Each structure stands twice: as structure tokens, then as C-alpha cells.
Amino acid sequence: VRAVGEQDFQSWLAQKQTAAVAAAAEAASDKVWSKEDLLARGEKVYQSTCAACHGQNGEGGGPFPALKGSPIATGPVDAHMDIVLHGKPGTAMAAFGGQLNDLELAAVITFERNALGNSTGDLVQPADVKAAR
């Protein structure tokens, strides 16, 4: 935490709000994203949102299951998307549908299915997530 003056705070806040609006607009578009773009974005989302529980390399630990080789990350894409969107009752798996936009969700699911030792070849697009919501 860093204490700053009101003017610096307002400037920082305006930048964050502008970035959030741009990200939401980008996610809401019907753009078809390349595998490379989805993987790059997905890795960032994974490291900031998922790695704390599932591990940086997807190997899990303790009550948190591995994503590497898991039946969720390598099975039907719709089931994977459902768990990331809505969580899994009775477990520590939280719902991320209210925290991440469609692009972030599409990217992280694509990353989980094509990195961390997995290679399904599946690409999830923001439009897929939007339809699943």
C-alpha cells in the first residue's frame, strides 16, 4: 500500500476506470481471438487469479486439485466452462463469472486446456462464454 495525495489518487483511479471500460468493450465484442492471444491473456489471468490455489504449474496441492491432466481441464469444454463460471458447490472452487469478463474467462479456460501440461487444442472465445452465461 502506498499513500498518495488526492490528485494522484484521482489520476490513478481515472486510468483504472478507463482501462476497465476498454477491457469490457473488448470482451463484449464478437472478435475471434487467436490461440496465441488467448494463451497470453489466459496466462496473466491464471497467474493472478488461479495459481494461488491450483499452483503456478497447475499441479495443485492440499485441497486444491491439479489442473495438469485433470478430467476437467482435458474433458468436455462445456463442463470446464461451467465450473469456472459457477464454481463447484461443496468445494473451495469459487465462481468467477461475476469477477472476470467474457474475454478473461475465455482466455483462462483456453490457457488451462492448452498449457500446464494439457494440450486439448480447444479455443474458447468470449462469445462462447457469453452464450454459456
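## Salt bridges

A salt bridge here is a side-chain nitrogen of Lys or Arg within 4 Å of a carboxyl oxygen of Asp or Glu. Arginine 113 and aspartate 122 meet that definition, because their closest N and O atoms are 2.7 Å apart. The structure you are looking at is a predicted model, and a search through the whole of it finds 3 such salt bridges. As background, side chains of opposite charge can pair when their charged atoms come close.

Let's stay with that pair for a moment. Arginine 113 is buried, since its relative accessible area is 1% and the cut-off for buried is under 20%. Its partner, aspartate 122, is partly exposed, with a relative accessible area of 26%. Aspartate 122 sits in the loop between H5 and H6.

Next comes aspartate 102, which forms a salt bridge with arginine 133, with 2.6 Å between the closest N and O atoms. This pair links distant parts of the chain: aspartate 102 belongs to helix H5, arginine 133 to the segment after helix H6 (126–132), and 31 residues separate them. Aspartate 102 counts as buried because its relative accessibility is 11%, while arginine 133, at 45%, counts as partly exposed. There is also a salt bridge between lysine 68 and glutamate 59, where the closest N and O atoms are 3.6 Å apart. Lysine 68 is partly exposed, at 43% relative accessibility.

## The overall fold

Stepping back, what does the chain contain in the way of helices and strands? There are 6 helices and 0 strands, so reading along the sequence gives the pattern α-α-α-α-α-α. Along the principal axes, the C-alpha atoms fill a box of roughly 50 × 35 × 25 Å. The chain has 133 residues, and buried residues make up 33% of them.

A few pairs of residues help to give a feel for distances within the model. Glutamine 10, which lies in helix H1, is 88 residues from glycine 98 in sequence, and their C-alpha atoms are 26 Å apart. Glutamine 10 counts as partly exposed, with 37% relative accessibility. Alanine 132 has its place in helix H6, and its C-alpha atom is separated by 8.0 Å from that of aspartate 78, although the two are 54 residues apart along the chain. Alanine 132 is partly exposed too, with a relative accessible area of 38%.

## The largest pocket

How much space lies in the largest pocket? It holds about 430 Å³. The pocket is lined by 23 residues, and those nearest its centre are His54, Pro65, Leu67, Ile83 and Met93. The elements that give two or more residues to this lining are helix H2 (35–54), helix H4 (77–86) and helix H5 (102–114). Of these, H2 supplies the largest share, with 4 residues.

The lining of the largest pocket divides into 16 nonpolar, 5 polar and 2 charged residues. Leucine 67, one of the residues nearest the pocket centre, can also be placed relative to a salt-bridge partner from earlier: leucine 67 and aspartate 122 are 55 residues apart in sequence and 15 Å apart in space, C-alpha to C-alpha.

## A loop residue with positive phi

Which loop holds leucine 116? Leucine 116 is found in the loop between H5 and H6, which is also where aspartate 122 is found. The backbone is worth a look at this point. Most residues other than glycine have a negative phi. Phi of leucine 116, however, is near 60°, a positive value in a residue other than glycine.

Is leucine 116 buried or exposed? Leucine 116 is buried, because its relative accessible area is 12% and buried means under 20%.

## A nonpolar patch on the surface

Finally, which residues make the nonpolar surface patch? Val4, Phe9 and Trp12 make it, and the patch covers about 270 Å². Valine 4 is found in the segment before helix H1 (6–28). Valine 4 counts as partly exposed, at 36% relative accessibility. That value lets valine 4 qualify for the patch, because patch residues need over 30% relative accessible area.

Conventions. Residues are numbered from 1 along each chain as its sequence is written. This is a predicted model: local features need pLDDT of at least 70, side-chain atom pairs count only at pLDDT 80 or more; totals for chains, interfaces and linings use all residues. Side-chain values use heavy atoms; hydrogens and water are left out. Patches are made of residues with over 30% relative accessible area and no salt bridge: like charges are joined within 9 Å, nonpolar side chains (Val, Leu, Ile, Met, Phe, Trp, Tyr) within 5 Å. Accessible areas come from the Shrake-Rupley method with a 1.4 Å probe; for residues, only the protein chains shown count as cover. Buried means under 20% relative accessible area, exposed over 50%, partly exposed in between (1.4 Å probe, protein chains only). On a 1 Å grid over the protein atoms alone, a cavity is a set of points where a 1.4 Å probe fits but cannot get out, and a pocket is an open set with protein on both sides within 12 Å along at least five of seven lines; lining residues have an atom within 4 Å of a point. Grid points are joined across faces, edges and corners, and a volume is the space filled by probe spheres set on the points. Ala, Val, Leu, Ile, Met, Phe, Trp, Tyr, Cys and Pro count as nonpolar, Asp, Glu, Lys and Arg as charged, and the others, Gly among them, as polar.
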